[in-house]
Amino acid sequence: MPGRYFIVAPEEGANLYPADFDDAPIAAAYARPRYNISPQQTAPVLRLIEGEFIESGMRWGFAPRWMKDPRQAQINARSETVFEKRMFQHAAKAQRCLVPVSGWYEWQPVDGGKQAWAIHMPGFAAFALAGLWTVGNDREGGPEENFLTLTAEPSEQLRPIHHRMPVILDADGCRTWLDPDADRQALQALLRPWPGELSLRAVSSYVNSIRHQGPECLEPDGS
DNA sequence: CCAGACGTTGTT
DNA sequence: GTCTGG
DNA sequence: CCAGACGTTGTT
DNA sequence: GTCTGG
């Protein structure tokens, strides 16, 4: 995963972004709460363009311009092979980005159904997922930027919930991931399960429907 | 050389 | 069951 | 990721 | 666009 995530204001401004990064683009990304971001939605992305740290809205679903069939858009790429796969190698070299989040959702298969979980940092600290962006086609065939997130093996903590997890970047990780001159080895070293503890919250199936966009998505499961 | 593919997750 | 839409 | 649709002929 | 398969 993830196939669904959320953005909320962090408690007491806590975040894992580099302290020396310009705060304005980050603040812009977290300005509006988003409780249920799904594939195809437009969501904020952070990147370096000509040395400038900027925030942009992009569609979630990576589909380069040559890809005529939009059904082939990818929301995730496996971090283990992202530098080798034809579809991703150019972006992995030159179009890396940060996907600002507060956490993501997972659905754990359980007897008779699925348990939804919200996974986040303690205190809902803001953090970044490793992402790639590209330019694809909008509905009229014009250029439109889109993005994906990278996945890794799960941490020990998350293994019971799911067999993949998104790549989480700490402050140094953000710096390196956005560094246009970073070498592949340094980049690949960032693509690992998150070594820290995360907070897990069981939430209700309210979050399942993307028609539900309110804060109820994050409320603890009553059952 | 040209043609055709290019991907993940989850489930079985 | 499988694909599309969000 | 999950939810929801999945189709045609003919008539307006 | 770029790589793989034939």
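Which residues touch the most other members of the largest nonpolar core? Keep that question in mind as you open this predicted model; the tour comes back to it.

**Stop 1: strand E9**

Select residues 127–137, which make up strand E9. Nine of its eleven residues are buried, so the strand is largely enclosed by the rest of the structure. Hide everything else for a moment, then bring back its partners one at a time.

**Stop 2: the partners of E9**

Show residues 96–101 to add strand E6. E6 and E9 run antiparallel and are joined by six bridges. To find your place along this pair, click on Val 101: facing it in E9 is Phe 127.

Next, add strand E12, residues 168–169. Two bridges link E12 to E9, again in the antiparallel sense. Here you can label Leu 129 and Ile 168, which stand opposite each other.

Now add residues 143–152, strand E10. How many bridges join E9 to E10? There are seven, and these strands too run antiparallel. Leu 132 in the pair has Leu 148 of E10 opposite. Follow the chain from E9 into E10 and you trace a hairpin, with five residues between the two strands. Stop in the turn at Gly 141, where phi is positive, at about 90°.

**Stop 3: the nonpolar core**

Time to answer the opening question. Select Tyr 5, Leu 98, Leu 132, Leu 150 and Trp 177: of the 56 residues in the largest nonpolar core, these touch the most other members. E9 is the biggest giver to this core, supplying six residues. A second core, separate from this one, has twelve residues, including Val 8, Ala 116, Cys 217 and Leu 218.

Go back to Leu 150 and show what surrounds its atoms. Setting aside neighbours within four places in sequence, Leu 150 is in contact with Ala 77, Ser 79, Val 82, Ala 130, Leu 132, Met 165, Pro 166, Val 167, Trp 177 and Leu 191. Leu 132 and Trp 177 are familiar names from the core list.

**Stop 4: DNA strand C**

Finally, select DNA strand C and display the residues around it: Arg 4, Ser 38, Pro 39, Gln 40, Arg 71 and Ile 210. Color them by type and you get two nonpolar, two polar and two charged residues. On the DNA side, 43% of the strand C atoms within 4 Å of the protein belong to sugar or phosphate, while the rest belong to bases.

Which residue has a side-chain N or O atom 2.3 Å from a phosphate oxygen of strand C? Zoom in on Arg 71 to see that pair of atoms.

Terms used
Residues numbered from 1 in each chain as written. Chains lettered and ligands numbered in written order. Predicted model: local features only at pLDDT ≥ 70, side-chain atom pairs only at ≥ 80, totals over all residues. Heavy atoms only, no water. Near = heavy atom within 4 Å. Polar contact = N/O pair within 3.5 Å; in protein donor to acceptor, adjacent residues only side chain to side chain. Nonpolar A, V, L, I, M, F, W, Y, C, P; charged D, E, K, R; others polar. Buried < 20%, exposed > 50% of the residue type's maximum accessible area, 1.4 Å probe, protein only. Helix = DSSP H or I, 4+ residues; strand = E, 2+ residues; numbered from the N terminus. Pairing = 2+ DSSP bridges. Core = buried A, V, L, I, M, F, W, Y, C linked by side-chain atoms within 4.5 Å. Contact = heavy atoms within 4.5 Å.
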